[in-house]
Each structure stands twice: as C-alpha cells, then as structure tokens.
Amino acid sequence: MFKITKKSMEWGEETLTLETGRVARQADGSVIATLGETSVMANVTFAKTQKEGQDFFPLTVHYNEKYYAAGKVPGGFFKREGRPTEKETLTSRLIDRPIRPLFVPGFKNEVLVICTVLSHDLVNDPDIVAMIAASAALTISGAPFMGPIAACRVGFEDGEYVLNPEVQDMDQLRLNPDQRLDLVVAGTKDAVMMVESEAYELTEDEMLGAVTFAHEQIQPVIDLIISLAEEAAKEPFDFQPPDYSALYDAVKAAGEADMRAAYGILDKQERTSAVSAAKEKILAALTDEQKEDKNLGSALKKLESSILRGDVVKTGKRIDGRSTTEVRPIVSEVGILPRTHGSALFTRGETQGLVVTTLGTGDDEQIIDALHANYRSNFLLHYNFPPYSVGEVGRFGPPGRREIGHGKLAWRALQAVLPAPTDFPYTIRVVSEITESNGSSSMASVCGGSLSMMDAGVPLKAPVAGVAMGLVLEENGEYAILTDILGDEDHLGDMDFKVAGTENGITSLQMDIKVAGITPEIMKKALAQAKDGRMHILGEMSKALSAGRTEFSTHAPRIETMTVPTDKIREVIGSGGKVIREIVEVSGAKVDINDDGVIKIASPNADAIEKARDMIWSIVAEPEEGKIYNGKVVKIVDFGAFVNFFGKRDGLVHVSQIANKRLNHPSDLLEEGQDVKVKLLGFDDRGKVRLSMKVVDQETGEEVKREETAE
C-alpha cells in the first residue's frame, strides 16, 4: 500500500532522517524530516497552470507548531492552535527567503508549502528541520525548483563554532553568557542564500567564519536530499521559461531614453512619477497584442533593472547621485515627545523612523508560551509600516509578516547591548513608527531604537547602528557593493545585506541573496564596507546623544529591587495576598515578587517606594541584639509590659527593666498605647524577646551608660 523511501545520516550529534511515501500521498511532494526526536512534515502542492493576468510569483509558506508535538495543551481559554505565533511567522519567512529565488525565472504558478511540527524533543529546534523538510519536498515534487537547499544553526562558544546547539542554549541569548551567537544559514551546494543572526559583538572575521562553517556543514544534508530525490522524485513539470525577447526589444526601443532620464532624477517622488510616465509612454507605443502579453510586466522590470544595474557597475554612480560607499545625509533628534519616557526621530535621506521607548514593571513582561517552554521577555520591539510612509493608499491593520520580521531583526540588533535585568529591573518596550521609507527602514529602527532607549535612561553597553548593503552582480563577473541602499536598489539588486552592531562588533546580520554566485571574497568585502558605513552612522548619531541619560523622565516609573529570604516570601504575600495588597494600598507603589525572593517596587514617587520598602522590611527583617528601637506598649501585666517594637514583633520588658527604681506595678509608669524606647537585650532559652527601657534615655533615645544605670 505504501511505497516508502527513507534516507538517514549522522549529522553532528544526532541522526537526520528523511522519509516520503507514507503520508500525504496526494500532495505533489511530502517529506517527514526527523532530527533526534524532532519531526516536521513538509507538504508541497503547486498549480499546473498560471492564473490569467498573473504577473508575480505566488509562493506561500506556512510553518505550524502543534502543541501535541511537545506533549502540551495550548494555553488560554480557547484550547486549540490559533493565529500564528511570532515564532511561526518568523520561521515561515525563514523558509520562504532561500527557496523563492530558486524557482525557474518566469514560473508564476501558485505554490503552497506547509510545514507541520509533529514531534519536538525540546533539544533540536524544529525551524531547521522544517527548512530541510521543505527543501526535500520541493525537490521531489517535480516543481521547477533549482534546489535543493539545506540549513543549519551555528553557535559560538569559547572561540569554537557549534553545529545546531540545543534550543535551550539559544533562549534569551543575552542571559546566557557562554553563547555569543545564534546564526541560521541556508544555502545550495555552491552558494549561501540566506543568513539570519543575533550576536554578541562578533568581529567581521568571526561572523564570516561562522557563515563559512555553516555552508560546509550543510553539504552532506544536500547530498542526502539528492539521494532521496534519485529514488522518489516525480517527473519534472513541463515548464519552459517564456521567451519575451522580442517584446523586450520593443519595450526598450519605445522607452529606454525616457526611463534612463527618469532614473536620473534624485528626488524619490519625482523619480517615481517620471518612471510611471515613461511606462505610460511605452504602453502607448506598443501594439494591442503586445499590451496583452502576460510577460509585459517582466519586460518592463527587465528594462528598469538593466538601466539601474548597468549604470552602477559602469560608472559607480547611483540613481540618487551617491557613490557606492556613501551614506545618505543623517539627522538624529531625541526627546521630541514630552510625555513619553524616551523618544527619537532618526532620518536618513528619505527614510525616517519615529521611535519611542516605554519603561514598565515586571507585570509588563511578555509571557511567551513556546512549544519547548514558557518564559518571560522584558524587552519588546514593535515595528509599524503604515502606507503613508511610501506615499501610498493601502491596507492598514494588524502587523503582517513583514512588520513582524523587521521588528525581530531590530530586536536582535539591540538585545546584545541591554543591561542585565538584575542591574536594570525594567520591562523595555520600543515602538518604531516608520514615517518615511526609501530603503532600510529596519536599520533606521535600530538606530532610532538605540537613541530612544538612551533618551529614556536605559544604560546600554554601547550605541548600536545598522546599515543595509546591496549588490549588483553582472553575468560577466563585474559587481558593485552598495552602502545604504534605496528601495529601488533593493528591489532590482541581487542582495539585501543588513548589518547592525556597535563600534566593537556585529550584533545582528541578515542576508538574502537572489543569485547563486556570492563568493566569500564578495561577502568579506561587503562586511568591511558595512563596518565603514556603521562607524559613520554611529558618529552622526553621537551628535544627538552618545550615552544613556542619567535621569529618567518624570513620567517614567522608578523601580528599586530588594531581596528577601525565600522562606519569608509567604509572609510578604500573606494569606490570599492580603499582606501584599495592603502594602500596595498603603504605600501607593506597585510591588512584584518572584519565586527567588527578588522584589521589585515601582512608582514615580520616591516616597511611595520608600514606604513600601519599609513595610516589607518590617515583615522580613530580624531584630538585632543590642539595637535600640521605638516601640509602643500593647499590654501591661503584673510582671512587666509587652511592647511592639519591630514590625509586628512584640517583646517583654520585665518590671525590673522598666526603670532604675523599684516599682510596685508596671502601671505606675506605663499605660497601654504609650510610646517608649527599648533596647533588645537578647532572646531567652525559648526564643522569647527580652527588652529593656531603663538602659535607654526615654527623651533622647541614647543608651544610658552603665554607671548612670547603677545610680
């Protein structure tokens, strides 16, 4: 009934297995990839005809995590998987980016890739397994896919690269001092196609070495996929790339001069209008048959690409007049919003980000219900890209995949320089509102985020800047690396290479390549050129602010921490939370306590924090022998008086310790409710507190000298 093909190999410290033929047999390609005990099923289907009027490649990738894979039930009231989590969205993009450029040019049939996590061993991250499974499923599906690709994760510990480190080691990298890198690389046999990373200030050579190491490690996986395809692949889909050379010649003849003139205009809005006018003129010159040709869009794009790319490689000048290494003019401003905790407006050419920082308490931390574990995050970065930022009318709604991906890239770039939570006990939320965009708004979010946090008083280890690099690689091998690329250069170029970091090293690297031919030499040169650009941008940023402010905004909460013994936590909280609620109500401060006994007290009012701290200390602190305390008489008995002297602690002042004279009864000198000063003499054999009034001057609170006591 089943025609099962299975291939296995030892990869690192685990066994990697690819299997097809058992499940999802109606899909064009179906593979279950297993690494250790983590299994992901990838299913591929593609339309056999192109939709009428389709002028783009409709590839859709979905990555789904099923909670049963880790033996969990989804949290919340609605006990089934719902909208995609951030991890699912990011992994869908991670799979999409390296496979999209590898479909045969001109193929515009709909393709659907669905990856489902079936089992998770809590050791091997399923995102890498999903990328391998998707590649294998595409390779055997018969689709015109010029793969396969493979992927791996690389860590960097004690100066050594680590293949596929355990998922727990990569969680919240900044809290794990032994690991300095979380790098994901995907590539073909000959080239690296995609890089995604967060790092702890790695040098350019260390980062390049990690990418090279990853490309070497994926080679046997590519061979395993090829071995599977040799036995299980379907017949290749009969697809011939369209020949629109005659149409392109007509388009070129009708509008090359106008298009070249349009791309010579420096202002983006004027250039966009001129390009549209040139296209209209081309359409007017074409025959009705040529206008209806489904390849017209491709011919127009090819004309634009040839003009932009050819001029850059030949002359070294770009469409906005800059050289290949020049960064656009930068203006950095901070503190522009009066009520926010921190704000910055970062403008680089026609790209601008308004970035705002808000400081919160422990209650504001994000609880992440991940497949392998639940954990909390005290650093959030949200990126918004409204249509007006590019002068368009478009959808305005919840964040899409692009917003989530760009926000995570900026998050990765900044997380490496944050202070330890023990040193800065705040939840930090950064929001980047892109108000203008013409290339690399994610890197503007990095620069603006760094300035905004410093404006809020966050003690960053160092400022962070980011720059987007581009590449134009011609068929004859000539190439140009571009610093700080524009939107058109990203759209029509061969590489989007984003590098963020401090003066000391790289904190994030993201690379997407559209051609198979990026050599280590090109990558090394791009990293070096990116470093020069980053240093220039850091210098421009320092004109506005070079370090975190020492004073917080008057509207930001103050947070102080204190630690109590874990056996005292119950006393601070009280039965049903009664005690901690009373502390909050009386002091006016917000109090948060964790299982380790760390208490965070937050309020914009310093007096409220001090009051809450005193109330907590009165509960958890122990009285010190020999110390003098202010007390209140709570009960008088024949043999002495009970005095409340330390929080809720009472102690006995024996009748002989009330005064330096004989008393018939304690009530001769004392009455209930009277304020007195007492010294803690110690504890008796049963742990009872012994207090003395006669050794303390009741007026000054000073201890009475021994000879004065004897009189």
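In the predicted model, three strands (DSSP runs of E of at least two residues, numbered from the N terminus) form an open antiparallel sheet in the order E22-E24-E23. Strands E22 (558-563) and E23 (590-593) each have a single partner strand and stand at the edges, so one side of each is left without a neighbour in the sheet. Neighbouring strands of this sheet are turned against each other by 20 degrees on average, direction ignored; axes are lines fitted to C-alpha atoms, and angles run from 0 to 180 degrees between N-to-C directions. Strand E23 runs antiparallel to strand E24 (residues 598-603), to which four bridges join it; pairing requires that DSSP finds at least two bridges between two strands. Aspartate 592 stands opposite lysine 600 in E24.

This is a predicted model, in which local features need pLDDT of at least 70, side-chain atom pairs count only at pLDDT 80 or more, and totals for chains, interfaces and linings use all residues. Residues are numbered from 1 along each chain as its sequence is written, and side-chain values use heavy atoms, with hydrogens and water left out.

A closed barrel of five strands, with mixed pairing, follows the order E25-E26-E27-E29-E28. Here the average turn between neighbouring strands is 50 degrees, direction ignored. Within the barrel, strands E26 (residues 640-646) and E27 (residues 649-654) run antiparallel and are joined by six bridges. Alanine 641 faces valine 653 of E27 as its opposite residue.

Parallel pairing over six bridges links strand E16 (residues 379-384) with strand E17 (residues 427-436). In E17, glutamate 433 is the bridge partner of asparagine 384.
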